[in-house]
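User: I would like to learn how to read the charged side chains in a protein model. Could we go through one together, step by step?

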Amino acid sequence: MKTELGSVAWPPDSIKTERLVLREPEARDRTALIELLASPQVGTYIGGPQPRDELERAIPAAPRRRAGLFAVDLDGSVIGTVTLDEREVRPDIAPVELGYLFLPSSWGHGYATEACSAALTWLSAARPGTAVALTTQTANVASMRLATKLGFTELERYEAWGADQWLGVWSPPA
C-alpha cells in the first residue's frame, strides 16, 4: 500500500474545480469504478474491458489507499479517475505519468480537461519542477486532443501492444 507520491504524503486535501472534486476514492465509489473498468467504450484503447465478475471479486468494499489516484466527483457521483503514477519506464523523461478514465456518459463535457488540469496544477505545487509524461494510442483522437489542450509536447511515437503509441511530456510553468 503506497502512501506517498515521491516526497508527497498521500492523500492530499480534496481539489475543487468549477464543477468537480478530485478526492481519494471512498467505499461509495465502488459501483462506479466497476462500471468504469468494465465499460467496452472505456476499454477500447487500453486492452479492452475487464470482466465485471472479476472486478466484483477484486475490488474491495473499502478502497485501499493508493498514492496518485483521484476519484473525480461530479455532484456527489464518481464519473472517472485521474492518476499521477511514478513512472518506471523512461523516468529520465518524466518521473510521473498522467492517466485518466471517464465514464462514457461524461464524455464531451470538458470534465477530463478540467480534472487533469487541476491534478497537474496540484502536482506542480506539491512537487515543483516535476515533468509529467502521457502515453496514448494515436488512434485515440479524444486523448490526443486532450494532451494538446493540457500542453503536452510530443516526444516520440512507437509501436507497442499492437498499436501506434504517442508519448508526450508536460513541464510545469516556471
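Analyst: Let us begin with a single contact: the backbone nitrogen of E26 lies 2.7 Å from a polar atom of the side chain of D29. Bear in mind that this is a predicted model, in which local features need pLDDT of at least 70 and side-chain atom pairs count only at pLDDT 80 or more, while totals for chains, interfaces and linings use all residues. Residues are numbered from 1 along each chain as its sequence is written, and side-chain values use heavy atoms, with hydrogens and water left out.

User: Is D29 buried or exposed?

Analyst: Buried means under 20% relative accessible area, exposed over 50%, and partly exposed in between (1.4 Å probe, protein chains only). D29 has a relative accessible area of 3%, so this residue is buried.

User: How many salt bridges does a search of the whole structure find?

Analyst: A salt bridge is a side-chain nitrogen of Lys or Arg within 4 Å of a carboxyl oxygen of Asp or Glu. The search finds 13 of them, including one between the side chains of R19 and E114 (2.7 Å, N to O). R19 is partly exposed at 32% relative accessibility, whereas E114 is buried at 16%.

User: Which residues meet in a salt bridge at 3.9 Å, N to O?

Analyst: Those are R23 and E26, through their side chains. R23 is buried, with a relative accessible area of 6%, while E26, at 34%, is partly exposed.

Terms used:
Polar contact = N/O pair within 3.5 Å; in protein donor to acceptor, adjacent residues only side chain to side chain.
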